[in-house]
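Here are some exercises to work through with the model open. Try each one yourself before reading the solution.

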Amino acid sequence: MNQYRTHTCGALREEHIGQTVRLSGWAENIRDHGGVAFVDLRDQYGITQIVLHEENIEVSRESVVTVTGAVKRRDADTVNPKIVTGMVEVHADTVAVQSKVARALPFEIRDSKNVREDVRLRHRFLDLRNPAVKDNIVLRSKVTGFLRAKMEELGFTEIQTPILTASSPEGARDYLVPSRKHRGKFYALPQAPQIFKQLLMVSGFDRYFQIAPCFRDEDARMDRSPGEFYQLDFEMAFAGQEDVLEVAETVLHGVFSAFSDKRVSPAPFRRIPYAESMLKYGTDKPDLRNPLIIEDLTEFFRGVDFAPFKNIPVRGIAAPGAALRSKSFFERMLEFAMEIGMKGLGYISVLDDGSLKGPIVKFLSADKQAELRNKLSLKENGTVFFIADSPGAVDELAGRIRAELGRQLELIDKDSFELCFIVDYPMYHINDETGAVEFTHNPFSMPQGGLQALEEKDPLNILAWQYDVVCNGSELSSGAVRNHLPEVMKKAFEIAGYTGEALEKKFPALYNAFHYGAPPHAGMAPGLDRIMMLLAGEENIREVVAFPMNSNAQDLLLEAPCEVAERQLREANIRRRL
RNA sequence: GGCCCCGUAGUUCAGUUGGUUAGAACGCUAGCCUGUCACGCUAGAGGCCGACGGUUCGAGUCCGUUCGGGGUCGCCA
């Protein structure tokens with residue numbers, strides 16, 4: 001028998017009545033009634049009420065105690081239906097204090113989520129005692145276990161790749177680690193195992209995966225850790241886009257349905273071409289819970305004599321029932337439009353009798369009015385909002401109006417996970433500032449049409465075998481069919497302004513390896529932290545990480561980054577700046 | 001790095017137009033209480049109002065600087 005416990009604090013039920021048991025845990029709360037006292041004993045698994053009598057020694061809140069005693073049925077009027085052990089209680093014969101609380105608690109454990117974040121992080125070990133905080137971390141363990149099992153079931157091999165590796169020339173800022181043995185040289189922590197997993201494909205590993213730590217020295221966001229985060233990184237040989245998407249469907253549908261009661265998009269998820277997504281949703285991260293669709297009305301307004309819509313792209317969003325909304329709703333929408341930089345927000349409502357109403361109606365002939373209703377399937381009490389702006393801005397603005405309408409009109413179904421793939425990303429785009437042609441997403445992607453497309457098509461019209469997974473408006477992952485052919489790589493980089501030597505210099509290992517027989521391959525890397533946030537219903541990424549850094553990339557608990565000893569600097573061949 | 005918001009008791013927060021000794025709740029300490037489960041009751045301790053400087057007879061309150069925290073944009077192949 002274990003010296004500390006026979007059961008956990010979440011285990012006892014009516015069937016244990018009469019047994020003598022031993023429990024250990026933290027004294028979450030103590031209710032002292034003079035002759036009798038009640039202690040809520042807590043561990044990871046639950047809470048059991050302990051009954052103490054006067055001869056028992058003193059216990060203070062949050063100290064660790066071991067209690068031995070008989071399990072008894074609670075009187076009917078003292079049953080606690082809020083906890084699973086609420087039918088019973090343990091009448092303590094002996095109480096041993098294992099570890100006292102010797103310092104004032106910085107906050108109430110059960111209320112820790114409402115405490116200032118830096119105080120929580122400095123005492124994260126106490127914050128994590130709160131079941132509401134701890135449960136997310138337990139869930140994370142179950143999710144990673146599920147993902148691992150699923151990937152293995154699908155024939156993937158888990159392979160660890162280096163943490164100390166080479167700095168990568170593209171992408172985010174690297175975290176650098178000085179070399180002791182090689183003066184003036186540095187390792188870098190990997191931004192992703194990208195190169196390694198592609199090399200594994202060349203080595204003949206057929207299906208690779210890893211729950212991979214990734215490091216990027218970029219500033220934090222609410223949904224983005226500073227420093228480090230995890231991806232379910234995977235790559236498949238002899239596979240194309242559809243093969244990868246099918247794996248993603250299986251795994252993501254599996255994980256969302258296994259750990260949530262919400263509705264999950266059934267496979268196959270919708271494949272939405274990038275261009276269509278930009279037009280219909282105004283973003284490449286559409287929240288498909290929002291039923292509103294953006295329509296292109298540029299052609300419609302070409303012949304209409306309304307100055308603000310002249311010679312610029314116009315979009316329309318038909319919102320059913322919006323015409324019944326109060327004046328303040330329209331004012332809020334206008335205010336929002338002004339905030340995001342629009343000059344106004346035109347709209348036309350359909351009244352009960354089918355007639356149109358709104359400041360712009362008078363510019364439309366009867367025919368045009370009918371055409372508009374028809375084009376947008378406008379019903380009675382619906383309102384169409386117009387967004388007109390420069391070609392570079394109109395889609396994003398329309399997307400933000402669509403999202404705001406979804407919120408204001410409460411069209412978002414909070415009980416579903418809507419997953420989709422965005423496909424057919426353009427291979428290149430023009431950098432607005434420099435006018436140069438750049439890779440849109442990822443230089444490793446295979447262009448659709450291969451070498452021929454690169455040689456013959458306008459670079460801006462070339463699509464890539466590049467795809468994103470989106471869930472409820474947040475990007476879970478991007479991935480691609482990789483470019484495994486040196487001559488195609490060379491051409492692709494040339495178009496983006498690099499010489500062949502530059503490519504060789506930037507990615508020597510990969511470029512070289514591809515000269516020795518590389519299989520066609522494709523992959524993806526869904527972000528584990530994002531998946532966790534969606535499953536746990538958390539807005540802040542720190543709530544799904546056991547020991548998160550603050551938004552300023554500091555570990556307040558262990559105090560990293562920190563000064564190091566002079567000797568350490570010397571060994572690392574680093575001199576303090578004078 | 002730019003911009004926005006917030007710093008008052010251990011915690012969460014009030015604090016009027018600048019005006020006596022800066023408050024509440026929870027927590028903590030002591031006492032009372034044999035059926036509570038956010039137990040209850042009584043009493044008490046606990047504050048350089050983030051820091052520095054200024055305006056003023058007088059600053060938690062107004063102004064400036066700075067430090068800390070959060071958000072957002074840049075950035076994130």
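**Exercise 1.** In which loop does Pro268 lie?

Solution. Keep in mind that this is a predicted model. Start with the strands: S11 covers 263-264 and S12 covers 270-273, and Pro268 sits in the loop between them. Next, check the bond leading into this residue: the peptide bond from Ala267 to Pro268 is cis, with omega near -5 degrees.

**Exercise 2.** Find what is unusual about the backbone in the loop between helices H15 and H16, looking at Ala553 and Pro561.

Solution. Mark the ends of the loop: H15 runs over 528-536 and H16 over 566-571, with Pro561 in the loop between them. Ala553 belongs to the loop between H15 and H16 as well. Now look at the torsions. Ala553 has phi near 60 degrees, a positive value although the residue is not glycine. Then step along to Pro561: the peptide bond that joins Ala560 to Pro561 is cis, and its omega is near -5 degrees.

**Exercise 3.** Work out how helices H3 and H5 cross, and what makes the contact.

Solution. Take H3 as residues 131-153 and H5 as residues 241-258; their axes come within 10 Å and cross at roughly 145 degrees. As for handedness, the crossing of H3 and H5 is right-handed. On the H3 side, the contact is made by Val143, Phe146, Leu147, Lys150 and Met151. H5 puts in Thr250, Val251, Gly254, Val255 and Ala258. Sort these by class and you get seven nonpolar, two polar and one charged residues in the contact of H3 with H5.

**Exercise 4.** Which residue forms a salt bridge with Arg530, and how far apart are the closest N and O atoms?

Solution. A quick reminder: side chains of opposite charge can pair when their charged atoms come close. The cut-off to apply is 4 Å between the side-chain nitrogen and the carboxyl oxygen. Arg530 pairs with Asp223, the closest N and O atoms being 3.5 Å apart. Now place the partners: Arg530 is in helix H15, while Asp223 is in the loop between strand S9 (207-216) and strand S10 (227-237). The two are 307 residues apart, linking distant parts of the chain. For the whole structure, a search turns up 38 salt bridges.

**Exercise 5.** Which residues make a nonpolar surface patch of about 280 Å²?

Solution. Pick out Leu176, Phe186 and Ile574, which make this patch. Then locate one of them: Leu176 is in strand S7, residues 176-178.

Terms used: Residues are numbered from 1 along each chain as its sequence is written. Chains are lettered from A and ligands numbered from 1 in the order in which they are written. This is a predicted model: local features need pLDDT of at least 70, side-chain atom pairs count only at pLDDT 80 or more; totals for chains, interfaces and linings use all residues. Side-chain values use heavy atoms; hydrogens and water are left out. Patches are made of residues with over 30% relative accessible area and no salt bridge: like charges are joined within 9 Å, nonpolar side chains (Val, Leu, Ile, Met, Phe, Trp, Tyr) within 5 Å. Accessible areas come from the Shrake-Rupley method with a 1.4 Å probe; for residues, only the protein chains shown count as cover. Helices (H or I, at least four residues) and strands (E, at least two) are DSSP runs, numbered from the N terminus. Axes are lines fitted to C-alpha atoms, for helices over the stretch in contact, and angles run from 0 to 180 degrees between N-to-C directions. A crossing is left-handed if the near helix is turned anticlockwise from the far one by less than a right angle, and right-handed if clockwise. Contact means heavy atoms within 4.5 Å. Ala, Val, Leu, Ile, Met, Phe, Trp, Tyr, Cys and Pro count as nonpolar, Asp, Glu, Lys and Arg as charged, and the others, Gly among them, as polar.
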